[in-house]
Amino acid sequence: MPVVLRSSPLLWARVAAMVFACIAFSVALYGASLTHGTGDWCVFCWSFSFVGTLLIILVEVFGLQTRAPVSWKNFPITFACYASLLCLSASIIFPLYFLKGYAGRSRMISCRIVSTVFSCLATIAYLSEVSLSKARPGEVAGYMATAPGLLKVCETFVACIIFVFISEPISYNQNAATKWCLAVYCICFILSAAVIVMCVGECIGCLPFSFARFLSTYALLAVGLYLSATIIWPIYKFDPKHGGQSHRSNSCASGIGLCRWDKLLAISVLSGLNFILYLADLIYSARLVFVTV
């Protein structure tokens, strides 16, 4: 089996991302003294990104792209986009839970700082890989290499964060309005995830309808759904007339991480962010004329 190793900016971006992620989780496991599930999540983000990038590099070095059970036009950039978002989330969550409120120059603090720094570097490296892999104007590429494809990765990732915040503690069973918001998050996540799976799994040709028309229709539907959730959620969570709490409690300032009120606010912000992402998706999908999936 021939081994092909061609030096390119894309290869070096992948190697850098892999090395940075490896250092981040290795140092964290070595001396960061992670004490709860949040640390496990950060380690998962770094280790998952490392293993996936290593697999992609090995497949391309040994020329196994044609034997892979996925579309190689779509899989690497999809993984790189998810890896960048995972490392970005770890870069935010890890210092929030493991550096906030800690002081001193002990080995534990030093390891936590090192993990945070290399997590940020891994995020930058993965973003560089995405930038190098995405389709250029006039270039025929896989759907996931286009702006709508990358936006769908971001949409599903933001929805996953919303699910975490909305379920711990459970904050969607207050009334029918907040349950509607949960339904919006679930419906849009499932459809976006289905599009990603179909593109990566090369199942688009099996659809009995036009894929491009479906994308435009779905993006329009998602914009309307998320607009309703973006308006309804803060009304029922922060307006005292509807049982909400308008002010942040004093106990939130002394705790580690995010308190309940912070998570409710984060859901509002993330709902607005996903609305913007779906609106951009709708605009790009309408402008996208020719894409080979």
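A residue is called buried when its relative accessible area is under 20%, exposed when that area is over 50%, and partly exposed in between. With this scale in hand, the reader can follow the chain through the structure, which is a predicted model.

Glu202 is a suitable place to begin. This residue sits in the loop between α6 and α7. Its relative accessible area is 55%, so Glu202 is classed as exposed, the cut-off for that class being over 50%. Its backbone is also notable: phi is near 55 degrees, a positive value in a residue other than glycine. Glu202 follows α6.

The helix that precedes it, α6, contains 25 residues and reaches 36 Å from its first C-alpha to its last, close to the 36 Å expected at 1.5 Å a residue. At the start of α6, the backbone nitrogen of Ala177 has a side-chain oxygen of Asn175 within 3.1 Å.

Helix α2 may be set beside α6. It too is listed with 25 residues, and its end-to-end reach of 36 Å is close to the 36 Å expected at 1.5 Å a residue. Just after α2 comes Gly63, with a positive phi of about 65 degrees. On the other side of α2, the loop between α1 (9–31) and α2 holds Ser33. Phi of Ser33 is near 55 degrees, again a positive value in a residue other than glycine. Ser33 has a relative accessibility of 42% and therefore counts as partly exposed, since this value falls between the limits of 20% and 50%.

The helices also enclose open space. The largest pocket has a volume of about 1100 Å³. Of the 35 residues that line this pocket, Trp41, Ser89, Ile93, Phe157 and Ile161 are the closest to its centre. Which helices each supply at least two residues of the lining? They are α2 (37–61), α3 (75–98), α5 (147–167), α6 (176–200) and α9 (260–287). The largest share, 12 residues, comes from α3. In chemical character, the lining of the largest pocket divides into 28 nonpolar, 5 polar and 2 charged residues.

Helix α9, one of the contributors to that lining, carries two residues that can be compared by their surroundings. Asn274 is found in α9, and its relative accessible area is 0%, so the residue is buried. A polar atom of the Asn274 side chain lies 3.3 Å from the backbone oxygen of Glu155. Leu265 also lies in helix α9, but its relative accessible area is 35%, and therefore Leu265 is partly exposed.

From Leu265 the path leads to helix α7. Leu265 and Lys237 are 28 residues apart in sequence, and their C-alpha atoms are 8.6 Å apart in space. Lys237 lies in helix α7. With a relative accessible area of 7%, Lys237 is buried, because the limit for that class is under 20%. The side chain of Lys237 is joined to that of Gln174 by a polar contact of 3.1 Å.

Leu225 is likewise placed in helix α7. Its relative accessible area is 12%, so Leu225 is buried. The C-alpha atoms of Leu225 and Ile109 are 44 Å apart, and the two residues are separated by 116 residues in sequence.

The loop between α7 (211–238) and α8 (251–254) contains Gly244. Is this loop residue buried or exposed? At 18% relative accessibility, Gly244 counts as buried, because the class extends to values under 20%. Gly244 and Val269 are 25 residues apart along the chain, and 16 Å separates their C-alpha atoms.

Finally, the model may be read against a record. An unreviewed UniProt entry lists "transmembrane region" for residues 12–31, 43–65, 77–99, 111–129, 149–170, 182–211, 217–236 and 264–284. Over residues 111–129 the chain is 100% helix and 0% strand, with end C-alpha atoms 27 Å apart. Over residues 182–211 the helix content is 67% and the strand content 0%, and the end C-alpha atoms are 27 Å apart. The loop residue Glu202, with which this account began, is in the loop between α6 and α7.

Note on methods:
Residues numbered from 1 in each chain as written. Predicted model: local features only at pLDDT ≥ 70, side-chain atom pairs only at ≥ 80, totals over all residues. Heavy atoms only, no water. 1 Å grid on protein atoms, 1.4 Å probe; cavity = no way out; pocket = protein on both sides within 12 Å on 5 of 7 lines; lining within 4 Å. Points joined across faces, edges and corners; volume = space filled by probe spheres on them. Helix = DSSP H or I, 4+ residues; strand = E, 2+ residues; numbered from the N terminus. Nonpolar A, V, L, I, M, F, W, Y, C, P; charged D, E, K, R; others polar. Buried < 20%, exposed > 50% of the residue type's maximum accessible area, 1.4 Å probe, protein only. Expected span 1.5 Å × (residues − 1). Polar contact = N/O pair within 3.5 Å; in protein donor to acceptor, adjacent residues only side chain to side chain. UniProt positions renumbered as here; feature names shortened; annotations may be inferred.
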